[in-house]
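Here are some exercises to work through with the model open beside you. Try each task before reading its solution.

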Amino acid sequence: MDSKIVLDFFKEITLIPRESGHEEPMTAYLQKFAESRHLQCKTDKTGNVLIVKEASKGKENVPPLVLQAHQDMVCEKVGGFEFDFRKDPIPFEIENGWMVAKNTTLGADDGIGVAACLALLDSDLPMGKLECLFTISEETGMDGAFALEKGFFDGKTLINLDSEDEGQLFVGCAGGVDTIATFEYENEPLLKNYKTMRLRISGGVGGHSGDDINKERANVLQQLCRFLYTQLQYDYQLLSISGGNKPNAICREAEAVIAVPADEYNDMAEDFKAFGGILASEFKNTEPDLMFSAASCKCEQEPIAEEDTVRIISSLTACPHGVVAMSTDIKGLVETSTNLAAVKQDSQKKVFTVITSQRSSVTTELHGIAEKVEATLLLGGADVEHKSEYPGWKPNMDSRILKESVASYRKLFNKDPEVKAIHAGLECGLFLEKFPDLDMISFGPTLRGVHAPGECLELASLDKFVDLLEDIVVNFK
């Protein structure tokens with residue numbers, strides 16, 4: 001199977017809107033694909049799709065093999081870039097051996113996994129029965145995996161195609177939970193002779209809150225709150241603050257509108273400029289493109305009451321972010337982390353919603369960090385709830401599909417792959433709850449910048465990924 005075929009399918013997929021929770025066009029595409037090729041296809045009430053290709057002649061006694069990818073993608077774009085993920089095709093370029101979307105996410109997570117499944121289903125390769133499972137809303141809570149009914153597929157061996165480093169075979173992942181806080185507030189009048197200004201930090205690298213949480217990147221929302229906290233001793237009024245978007249993405253852009261005495265406006269702007277210099281120094285090796293601006297603006301909203309400003313900004317500043325613990329069992333593996341993902345304001349209802357996400361490969365530690373985040377936000381007077389918890393996937397080093405995959409990789413590339421667990425969340429833990437006899441592994445080509453604009457796919461790694469997948473599928477017994 002030529003990797004160009006996989007890439008061609010992925011290019012088709014970039015034309016299809018498939019934001020999490022709005023995968024209907026993608027689901028319809030998969031159904032049409034199956035129908036046009038006279039393949040068995042079923043769709044459950046949630047939107048999960050299973051396409052089945054019966055065994056090739058002579059392979060009828062090979063056990064069924066399940067390949068799995070998710071239909072949806074994280075939809076992030078550069079601030080100010082005109083783009084509608086509900087209808088516009090993803091703009092990408094091929095350059096220097098990479099397929100890249102410079103102003104949006106590319107959706108190779110997990111569109112490239114979907115494309116690989118379609119290429120195999122469309123091929124004449126000699127293989128046993130193939131069951132390709134395409135789940136929905138993986139990125140926003142693994143809704144499809146949660147809703148998957150027992151017996152939806154027959155296979156006892158599953159290959160998840162949602163990993164992002166070629167040469168690595170994954171046999172375990174972290175579990176996770178989102179912690180959501182709601183702060184209510186009151187307004188107060190804009191003080192006389194106060195002038196409004198917008199403070200903005202942009203240009204952050206961002207990234208995946210699992211894979212990239214240990215890469216010392218700036219969470220610009222956290223840093224903006226840090227600055228506002230240092231200024232609480234002065235007489236500014238807070239009108240708004242916002243930043244971030246998805247629970248599983250590190251915040252890249254954030255802004256706040258404040259009002260300051262007119263005669264102190266330039267001093268505040270200079271303080272923010274100086275703070276920008278501090279961050280540029282602190283993150284000089286990981287954040288080369290951070291930008292800071294303090295500009296006059298008009299704002300129709302009334303300021304937030306002083307007491308509410310203090311408790312909200314204090315809570316956001318105290319809210320933990322980043323790596324909490326490293327594994328003592330697997331060298332280099334992040335065991336527990338938390339991500340201060342987003343703040344959204346509803347000025348009509350007078351509420352701020354704070355979105356955080358926690359991950360851990362140890363369930364008790366997952367609950368522990370979620371409780372710590374909860375306690376921090378409760379101290380600020382927020383209402384707090386935990387949502388979308390999903391289990392981790394415990395490694396099985398005696399896995400048969402692992403042994404076959406290692407042998408295949410060694411045969412093809414004359415070296416051993418790395419066998420690892422991943423700090424990101426995969427649907428495998430949920431599959432194991434519903435199908436306890438499943439033998440699973442996860443692998444994929446090399447992706448970079450996942451969950452952030454600039455996401456890219458390394459084409460050379462795609463060649464090796466496709467070769468490995470084909471060899472495993474064809475020789476599976």
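## Exercise 1: A serine in a loop

Task: decide whether Ser56 is buried or exposed, then find where the residue lies and what surrounds it.

Solution. Please keep in mind throughout that this is a predicted model. Start with accessibility: Ser56 has a relative accessibility of 19%, and because buried means under 20%, Ser56 counts as buried. Next, locate the residue: Ser56 belongs to the loop that runs between β2 (49-53) and β3 (65-70). Now list the neighbours, setting aside those within four places in sequence: Ser56 is in contact with Leu125, Pro126 and Met127. Finally, look at the polar side: the backbone oxygen of Leu125 lies 3.2 Å from the side chain of Ser56.

## Exercise 2: Two cysteines

Task: find out how many disulfides the structure holds, and check Cys225 and Cys251.

Solution. The count of disulfides is 0. Take Cys225 to begin with: its nearest cysteine sulfur is that of Cys251, 9.1 Å away, and Cys225 is in no disulfide. Going the other way, Cys251 has the sulfur of Cys225 as its nearest, at 9.1 Å, and is in no disulfide. A disulfide needs the two sulfur atoms within 2.5 Å, so this pair does not qualify. Then check the surroundings: Cys225 is buried, with a relative accessible area of 0%, and Cys251 is buried too, at 2%.

## Exercise 3: An open sheet

Task: work out the strand order of the open sheet of 4 strands, and which strands form its edges.

Solution. Reading across, the order is β4-β5-β23-β22, and the pairing is antiparallel. The edges are β4 (93-95) and β22 (447-448), each of which pairs on one side only. Move inward to β5 (residues 98-100) and β23 (residues 456-458): these two are antiparallel and joined over 3 bridges. To place the register, note that Met99 stands opposite Leu457 in β23.

## Exercise 4: The whole chain

Task: compare the radius of gyration of the protein chain with that of a compact globule, and describe the overall fold in numbers.

Solution. For 477 residues, a compact globule would have a radius of gyration near 23 Å; the protein chain has 24 Å, which agrees. Along the principal axes, the C-alpha atoms fill a box of roughly 85 × 45 × 45 Å. The secondary structure amounts to 11 helices and 23 strands. As for burial, 57% of the 477 residues count as buried. The accessible surface is about 20100 Å², with 48% of that belonging to carbon and sulfur atoms. Lastly, of the contacts between residues at least 6 apart in sequence, 80% join residues at least 24 apart.

Key. Residues are numbered from 1 along each chain as its sequence is written. This is a predicted model: local features need pLDDT of at least 70, side-chain atom pairs count only at pLDDT 80 or more; totals for chains, interfaces and linings use all residues. Side-chain values use heavy atoms; hydrogens and water are left out. Buried means under 20% relative accessible area, exposed over 50%, partly exposed in between (1.4 Å probe, protein chains only). Two strands pair if DSSP finds at least two bridges between them. The radius of gyration is taken over C-alpha atoms; the globule rule is 2.2 Å times the number of residues to the power 0.38. Contact means heavy atoms within 4.5 Å. Accessible areas come from the Shrake-Rupley method with a 1.4 Å probe; for residues, only the protein chains shown count as cover. A polar contact is a pair of N or O atoms within 3.5 Å; within protein, one must be able to donate a hydrogen and the other to accept it, and residues adjacent in sequence count only if both atoms are side-chain atoms.
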